[in-house]
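Please consult the sequence and the model below before reading on. The explanation proceeds from one element to the next.

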Amino acid sequence: MKKLIAVLAVAVLSGCSALDKVEDRLFGNGQQQAQPTDPRTSSNTTEQFARLAVTITEVRKSAAHLVKIGQLKPDTARQVQTMADLARKGLDAAINLYYSASTNPQNEQEAVRRLSEVEQDMQRAREMMALEAERAYNAKKGASK
Amino acid sequence: MNLVQAIVMLTTLLGQVEAAVKAARTLSDLIKTARDEGRDLTQEELEDLLDQDDAARELLEQAIQDAENQG
């Protein structure tokens, strides 16, 4: 049994390491940042949209997982859902603005501004979730002593 | 925490990591293809990603309701 746990732990760490590498390559941590073939900033904007869409999705999936294992209260998960909905609304608006920039060039700037707000919303949701999960973990740890 | 709980938790964690790696790879491939073709991501490509968020929203909603029903 101990060997099985060790194997699983190694597999989890390998997965985390692989994720870090993919994220490094994608989002440009350190020197591994891929340079866009198209130097226009608009290229980075659509990639930011995609990155945020995946981030919102992953925040929801993480919250669902944490609720299932009892590390997140339903109330907090509901707050995360609301924040993710808000972020999604902002992202939808930013995407629509961006792709309508051909009719109004100012829309692109507005899209980038909204994008920044959405990023902040998701950061807050992540922090709230991490804090709550840590509290639940410490409470369980304290109760088991 | 007993051994069985530890195994269940680790297995679930492994599933989460695999899902996250898969999502990151899908995103990476999407961006790479667009860069190779010298273009931005299209609105349709972004909408495909947003559809996945819709599915995740349902997943979280269900998890919340299950937890609330359990009290």
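The paragraphs that follow treat a helix, a group of aromatic rings and a single arginine in turn.

The model is predicted, and helix H4 of chain A, residues 106-144, is a convenient place to begin. With 39 residues at 1.5 Å a residue, this helix should span 57 Å, and its end C-alpha atoms lie 58 Å apart, which agrees. Several residues of H4(A) are buried, among them Leu115(A), Val118(A), Met122(A), Met128(A) and Met129(A). The buried set also includes Asp121(A) and Glu132(A), as well as Asn107(A).

The aromatic rings come next. Over all chains, the structure holds two aromatic pairs. In one of them, Phe49(A) and Tyr98(A) meet edge-to-face, with 5.5 Å centre to centre and 80° between the planes. Because Phe49(A) lies in helix H2 (residues 41-68) of chain A and Tyr98(A) in helix H3 of chain A, the pair ties together parts that are 49 residues apart in sequence. Phe49(A) has 0% relative accessibility and therefore counts as buried; Tyr98(A), with a relative accessible area of 8%, is buried. Tyr98(A) also forms an edge-to-face pair with Tyr99(A), at 5.2 Å centre to centre and 85° between the planes. Tyr99(A) is partly exposed, with a relative accessible area of 25%. Ring pairs thus link Phe49(A), Tyr98(A) and Tyr99(A) into a cluster.

Helix H3 of chain A, residues 74-99, also contains Arg88(A). The relative accessible area of Arg88(A) is 13%, which is under 20%, so this residue is buried. Beyond its neighbours within four places in sequence, Arg88(A) is in contact with Ile56(A) and Arg60(A), and with Leu50(B), Asp53(B) and Asp54(B).

Notes. Residues are numbered from 1 along each chain as its sequence is written. Chains are lettered from A and ligands numbered from 1 in the order in which they are written. This is a predicted model: local features need pLDDT of at least 70, side-chain atom pairs count only at pLDDT 80 or more; totals for chains, interfaces and linings use all residues. Side-chain values use heavy atoms; hydrogens and water are left out. Helices (H or I, at least four residues) and strands (E, at least two) are DSSP runs, numbered from the N terminus. Buried means under 20% relative accessible area, exposed over 50%, partly exposed in between (1.4 Å probe, protein chains only). Contact means heavy atoms within 4.5 Å. The expected span of a helix is 1.5 Å times one less than its number of residues. Rings of Phe, Tyr and Trp (its six-membered ring) pair if their centres lie within 6.5 Å; planes under 30 degrees apart count as stacked, over 60 as edge-to-face and the rest as tilted.
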